[in-house]
Amino acid sequence: MITVYGVQLSPFVRKVLISLDMLELDYTVNPVSPMDPPEGFKKISPLGKVPALEDDGFAIADSTVICQYLNEKYGKNQLYPADIKARTKAWWLEEYADTKLAEVVGMPLFFERIVKPTFLKQDTNEQIVEDNIKHNIPPVLDYLESVVPETAFVCGALSVADLSIACLMINAAYADYEVDSKRWPTLSSYLARIYQQAVFRKYIESDKQILRV
Ligand SMILES: N[C@@H](CCC(=O)N[C@@H](CS)C(=O)NCC(=O)O)C(=O)O
């Protein structure tokens, strides 16, 4: 039995949940919040972060490690392409999204505009958000605009690289950040393409319920 630890509003958790759906695997979710983890959680996730995953008692943490494990154990390269150059490109874009894109759409946008008012009952610091939107987000989207394709996905078929980018960008959208389709036309239509995938739509729908609190 596979158990995923974490809440689906986390882009990293959502990436793992969509990967499990792409592999058509059964799983249960233990909705651990990293802000209030249960005792002993660090035994499963030594950094105290979500997601973590347990597969018949085998525990691992970090979305990238988890997706690679799932691909190796259960996949036939549905999550990462088989070709070594395409696979390496997927690894790089996953890494870029999980570090650089996460840095600009995580704390200074999603956390400020969604987590603080909705879950922590604290005020958003709009100055932090506005400065971030003006100075930090544009260069990251300029880079993504240069690497995403006009059609299909970054490695042909949908892969974890696409999930990593889109799971973060959908959180930016929840925080009312809209990608300017005049400045970033390729990125804008690429994201719309990913959001239309059935595996993705399922989470957009259920995220809406959670955000309605
Ligand atoms: N590189 C990690 C990042 C995971 C991460 O930062 N998760 C956030 C939630 S979105 C978290 O648990 N933060 C709590 C903390 O940093 O202590 C991954 O890909 O799983």
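# Exercises on a ligand pocket

H4 contributes 12 residues to the lining of the largest pocket, the most of any element. The model is predicted.

**Exercise 1. Describe the largest pocket: its volume, its central residues and the elements that line it.**

Solution.
- Start with volume. The largest pocket fills about 1100 Å³.
- Turn to the lining. It has 35 residues, and those closest to the pocket centre are Ser-10, Pro-11, Phe-12, Pro-34 and Val-50.
- Assign elements. Helices H1 (11-22), H3 (63-74), H4 (84-119) and H6 (160-174) each give two or more residues to this lining.
- Sort by class. The lining holds 20 nonpolar, 10 polar and 5 charged residues.

**Exercise 2. Find where the ligand sits, and list the residues that surround it.**

Solution.
- Place the ligand. The space it takes is the largest pocket.
- List the shell. Ser-10, Phe-12, Pro-34, Lys-49, Val-50, Pro-51, Asp-62 and Ser-63 surround the ligand.
- Sort the shell by class. It has 4 nonpolar, 2 polar and 2 charged residues.

**Exercise 3. Which N or O atoms of Val-50, Asp-62 and Ser-63 pair with the ligand, and at what distances?**

Solution.
- Take the backbone. An N or O atom of the Val-50 main chain lies 2.9 Å from a ligand nitrogen.
- Take the side chain of Asp-62. One of its N or O atoms is 3.0 Å from a nitrogen of the ligand.
- Take the side chain of Ser-63. Here an N or O atom is 2.6 Å from a ligand oxygen.
- Now consider cover. On its own the ligand has 510 Å² of accessible area, and the protein covers 68% of that.
- Apply the cut-off. A polar contact needs N or O atoms within 3.5 Å, so a pair at 2.9 Å, as for Val-50, passes.

**Exercise 4. Find two backbone features that depart from the usual, and place each one.**

Solution.
- Recall the rule. Most residues other than glycine have a negative phi, and most peptide bonds are trans.
- Check peptide bonds. Val-50 and Pro-51 are joined by a cis bond, with omega about 10°.
- Place Pro-51. It is in the loop between helix H2 (41-44) and strand S3 (52-55). Val-50 and Pro-51 are also among the residues around the ligand.
- Check phi. Asn-77 is not a glycine, yet its phi is positive, about 60°.
- Place Asn-77. It belongs to the loop between H3 and H4.

**Exercise 5. Trace the polar contacts that the Arg-113 side chain makes with Glu-126 and Glu-130.**

Solution.
- Locate Arg-113. This residue lies in helix H4.
- Follow one contact. The side chains of Arg-113 and Glu-126 meet at 2.9 Å.
- Follow the other. The Arg-113 side chain also contacts that of Glu-130, at 3.3 Å.

Methods: Residues numbered from 1 in each chain as written. Predicted model: local features only at pLDDT ≥ 70, side-chain atom pairs only at ≥ 80, totals over all residues. Heavy atoms only, no water. Near = heavy atom within 4 Å. Polar contact = N/O pair within 3.5 Å; in protein donor to acceptor, adjacent residues only side chain to side chain. Areas by Shrake-Rupley, 256 points an atom, 1.4 Å probe, with all protein chains shown as cover. 1 Å grid on protein atoms, 1.4 Å probe; cavity = no way out; pocket = protein on both sides within 12 Å on 5 of 7 lines; lining within 4 Å. Sits in = over half its atoms within 2 Å of the grid points. Nonpolar A, V, L, I, M, F, W, Y, C, P; charged D, E, K, R; others polar. Points joined across faces, edges and corners; volume = space filled by probe spheres on them. Helix = DSSP H or I, 4+ residues; strand = E, 2+ residues; numbered from the N terminus.
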